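Please keep the structure open in your viewer while you read, and make each selection as it comes up. The tour goes through one chain and then turns to a pair of chains.

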Number of protein chains: 4
Amino acid sequence: MGTIKSIGILTSGGDAPGMNAAIRAVTRSAIYNGLKVYGIYRGYKGLVTDEIQEFKSQNVSNIIQMGGTILKTARCKEFTTPEGRAQAYENMKKHEIDALVIIGGDGSLTGARIFAQEFDVPCIGLPGTIDNDLYGTDTTIGYDTALNTILDAVDKIRDTATSHERLFFVEVMGRDAGFLALNGAIAAGAEAAIIPEFSTEVDQLEEFIEHGFRKSKSSSIVLVAESELTGGAMHYAERVKNEYPQYDVRVTILGHLQRGGRPTAHDRIIASRMGVASIQALLEGQRNVMIGIDDDKIVYVPFAKAIKNDKPIDRELVNVLHELSI
Amino acid sequence: MGTIKSIGILTSGGDAPGMNAAIRAVTRSAIYNGLKVYGIYRGYKGLVTDEIQEFKSQNVSNIIQMGGTILKTARCKEFTTPEGRAQAYENMKKHEIDALVIIGGDGSLTGARIFAQEFDVPCIGLPGTIDNDLYGTDTTIGYDTALNTILDAVDKIRDTATSHERLFFVEVMGRDAGFLALNGAIAAGAEAAIIPEFSTEVDQLEEFIEHGFRKSKSSSIVLVAESELTGGAMHYAERVKNEYPQYDVRVTILGHLQRGGRPTAHDRIIASRMGVASIQALLEGQRNVMIGIDDDKIVYVPFAKAIKNDKPIDRELVNVLHELSI
Amino acid sequence: MGTIKSIGILTSGGDAPGMNAAIRAVTRSAIYNGLKVYGIYRGYKGLVTDEIQEFKSQNVSNIIQMGGTILKTARCKEFTTPEGRAQAYENMKKHEIDALVIIGGDGSLTGARIFAQEFDVPCIGLPGTIDNDLYGTDTTIGYDTALNTILDAVDKIRDTATSHERLFFVEVMGRDAGFLALNGAIAAGAEAAIIPEFSTEVDQLEEFIEHGFRKSKSSSIVLVAESELTGGAMHYAERVKNEYPQYDVRVTILGHLQRGGRPTAHDRIIASRMGVASIQALLEGQRNVMIGIDDDKIVYVPFAKAIKNDKPIDRELVNVLHELSI
Amino acid sequence: MGTIKSIGILTSGGDAPGMNAAIRAVTRSAIYNGLKVYGIYRGYKGLVTDEIQEFKSQNVSNIIQMGGTILKTARCKEFTTPEGRAQAYENMKKHEIDALVIIGGDGSLTGARIFAQEFDVPCIGLPGTIDNDLYGTDTTIGYDTALNTILDAVDKIRDTATSHERLFFVEVMGRDAGFLALNGAIAAGAEAAIIPEFSTEVDQLEEFIEHGFRKSKSSSIVLVAESELTGGAMHYAERVKNEYPQYDVRVTILGHLQRGGRPTAHDRIIASRMGVASIQALLEGQRNVMIGIDDDKIVYVPFAKAIKNDKPIDRELVNVLHELSI
């Protein structure tokens, strides 16, 4: 493969606040370095169906503060087939796009990895997901904003009258990773977090009720990571009504509002840094790596490593929540 | 009854943002006018159980911006009995409290009305409820804040990728009054609101799906007033899954977070004005009236009138939502 | 003049949050009622220079929550000349635009009034200004958002350590109208407001220092309406340093950030209602009126009346601030 | 020195959001580990004047979300004298306080270091300052919140009409450290930052005007770190008026509002972690160290090292701002 003269950029998977800041940074840094830039709409779908448009600097003006992604995202069944990916590659050739920058989570980078291997296309990934579940980077674009959104919600709940023996369950995202629930609980001063990492170890509700809530003199707030397995907050509310009828239970389900909102400073800054780094990486001849931040420095993480490994929950944080909810 | 020399103040019912601003205003205006002030904790409960404390100006310093109520609220079964109310009256006499200012909703003013009649105690009510369902006042303390809280949530939901045929139900408060759902939908640019006022008239979900959503090209957001009768957003989500399986449905339940949060400018200003007016009313010899705002002017509304009448939904607003969701 | 078949819409003067909600409402209500809609860019300037584009419903999708105005605003010297206005009229005829909806303040409505008289063009005005200084309407689009922006700022200032004898001046907009400063001070629990309405009556700084601040035990916050005459907050800070050197003075100047930000529920709702009402008014044959809200009802205010009269400060509010800052 | 049985906690210097979260964490972790806790009011001043009160777990309930510090801060001249510090030590002995946790910036830790050396008192520092200018820790308590406060302000300014050749100067804190200005500019998508680190290297205004603003087609926003040396934003506004009169210049001075506000998730989490770590450090026999976060892990930084070294600006960030403001 020769010199890279033009790149395509797409966002894929669930949206995350800060994706627009990343799109802006990739676009402007590419232009600054003399490359042409193509915006690809609706993720891999637009690559297959040729929803591709050249981007100039002004296409990304005034978007850094917007939630969502101006490039949209979508699921794309076609891209999971060899035929679909071949079509995608044809469209890249048609537009003379030499490399791709993909902003997304686990599934999006997996798609990039397969595509890169099949067609020898240089791909750079940016970690864009509110779940913070990619290995090799301290943080992902969108996670900090989602955490603050959860915090706003729980702060408001705590404002309401602290009646005795009232129990609030707040369901947050994080089907497979408890970062949002655990850190949200610490930040909000909540009493407990029920997270997937411990779901097979212990009955977290029972543990909380027996050891935590009983000694409490006023309302308690428990953050629950959503879960198809357990049924999430609604399931726990039902359990409490049945097993501990003396408690008055209320449920809040935050749902998709956690994916939206103006990105925080942190998410915009890492998105900007990672966007600039993605172009730098391509110019250095890097390919098939995810841009990460480790110890506040830019790092390149091979796709395989970013995707394959589980990012563990730090036990220090579990201990912090435990000590401070007395 | 002689001159009023000291007053008691309490908050009752569900909390509403701005109650603290009202407590501050009542307290300071009373002191300014030479009266003693007693804070009564946990609503009528504290009046029965003598949780009463003298308030100075500094007791209400730095609370105007806080959600919730520093006086707490609670349900009080005792106050619904003649014995309980007699005990409450005894405590008033003990502290030489000549009059009461009650901040709360429908139920709280009903309690005040009965108590005032039985014991000839001058009572002034301030409308404190996020539901905006008191007659005789354009707005209630807390309503504007709750509306903005709902708006923040729906704005974030709209940020997320506008996939085709995705339907978001957002459940908001307002069991008996659709002000929050209807005005929230207008403010958020949502596609529809399902409100209790029309629940017997028409199948609002069917109407929306048939006439509204079908023509829509992207996601739709529907605000649903909570309802024990229908089951709220979860009920509608189930119905869509069964009757219109082609739509991808997501649910957000805001719950008690709508009762919290820093009060808006509007809520603090009306709380401050009403608080000052409540003392003015007492000094003028008024009793058993709720302070209202009508056409931006302070008015006195007899308890009976404020409680007994339903505040109607303005059809102009229904029309505005309808025209703008095309 | 015959039936109105198409309208033009423009925003003019300083921007105000909620202008986009008004643009959306005017556009959609017009389309709903079978009219064609033209967006005119940069206020009257775009009418003169023919920056005019047809608007469909989707042109105003997803803008209700945005600050600023997608139509931009600009000053336009040409429109102050007969030649410029003649050119503007030519462009209207060229696009077959039958009527105009103008969103703006005092100056913008004055322009509309002259243009309407000269060329017999039906014009409807919407009050869009953060200053709330138009007569005949209880409130203007943008005022509530600006008030809450000021409130956020002052809340944060009050959080900082309450050292003794520290004096914060916060300069807010409102060169000719003290609504923002006075209501902002009430809402924020500030100690005083220095407003243009009283600038000739009394030395407001001296009055505050002599009667207010001296008895205070901690920091005081004073809101100052900007003023070219007095020099605003910087001027008062200088005065205090010279005349009362014992006080430690700090200055915040909010500036243009008061014109931006996501509009509040209130501003979006009145913008939506007024937008719908403007089309209704045109269809009813109204012309040369501003849409207002009086006692929560839509009213039509003749341009001359809206512009010519000063909206007075309510002395009740001055009293509320005075009583509560003890 | 024997076992530590009780600790004192104080906040000192300028307040920073998250100080209350730190107070809560130190208090609860100490109690959890069997120690007595004393809250010391007004920083070192309260230690000298014996404003000391025992803290139970409920003293720190419901404060995690509050800006400012419930312990207040103050300057203390007495503590800079040997006599003052001897008095402080007497008060510690009187209350049987064995060790101190000090939350503050550069100056506060310098005071702790001297006191610890003179009286052999174990002191642990927590980095509490919005300026992020302590060495040995990636971040300080309050910095992330201040950065987001600046961002909110600049986002609002960018909303206003993008007239041609308008130049906004926004003055932010950071007399000696440009972290807030530089990272704020990146996050806000501003065009430039004028920071103290480069003030002797180059005329940053001239550089911006000559190479940046001239090519810009609309408004530009420049963040300026406050500076007594240069005069800050007002100085630059004057210079532009004189040297480049074709530009329309507007100034916002954020001032003390940057020190307030609800702390962000990040600031509450690091405050909570550092608070727990401070007790752990004392129990491990550590003394005279600041708790830091390095690569997301707790570290102990000797006072001398934290104070003496300047934390450098990362040139990568300067480059990111430069590339993205094209």
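Begin by selecting domain 1 of chain A and domain 2 of chain A in two colours; in this predicted model, their centres, taken over C-alpha atoms, lie 34 Å apart. To make the selection, use residues 4-140 together with 262-306 for domain 1, and residues 143-258 for domain 2.

Next, look at where these two parts of chain A touch, where 13 residues of domain 1 are in contact with eleven residues of domain 2. About 920 Å² is buried between the two domains, and carbon and sulfur atoms give 58% of that area. On the domain 1 side, select A:Ile130, A:Asp131 and A:Asn132, which lose the most area to domain 2 and together account for 53% of what that side buries.

What kinds of contact can be counted between the domains of chain A? There are five residue pairs in polar contact, both residues being at pLDDT 80 or more, while the count of salt bridges between domain 1 and domain 2 is zero. If you colour the touching side of domain 1 by class, you will find three nonpolar, six polar and four charged residues.

Now show chain D beside chain A, and consider how the two copies are related: a rotation of 180°, with 0.0 Å of shift along its axis, superposes chain A on chain D with an RMSD of 0.0 Å. This is the relation of a two-fold axis, and to find that axis from chain A you can select A:Asp295, whose C-alpha is the nearest in the chain, 2.1 Å from it.

Select the residues at which the chains meet, and you will have 47 residues of chain A in contact with 47 residues of chain D. Because 100% of the interface residues of chain A are also interface residues in chain D, the copies meet through the same surface. The area buried between chain A and chain D is about 4000 Å², with 53% of it given by carbon and sulfur atoms. In chain A, the residues to pick out are A:Glu323, A:Leu324 and A:Ile326, which lose the most area to chain D and together make up 17% of what that side buries.

Finally, turn to the charged and polar pairs, where ten salt bridges are counted between chain A and chain D. One to display joins the side chains of D:Glu316 and A:Arg273, at 2.8 Å from N to O. Among the elements that give two or more residues to the chain A side are helix H1 (19-32), helix H9 (265-283) and helix H11 (315-324).

Terms used
Residues numbered from 1 in each chain as written. Chains lettered and ligands numbered in written order. Predicted model: local features only at pLDDT ≥ 70, side-chain atom pairs only at ≥ 80, totals over all residues. Heavy atoms only, no water. Domains from an automatic or database assignment. Contact = heavy atoms within 4.5 Å. Buried area = accessible area lost by both parts, 1.4 Å probe. Salt bridge = Lys/Arg side-chain N within 4 Å of Asp/Glu carboxyl O. Polar contact = N/O pair within 3.5 Å; in protein donor to acceptor, adjacent residues only side chain to side chain. Nonpolar A, V, L, I, M, F, W, Y, C, P; charged D, E, K, R; others polar. Least-squares fit on C-alpha atoms with pLDDT ≥ 70 in both. Helix = DSSP H or I, 4+ residues; strand = E, 2+ residues; numbered from the N terminus.
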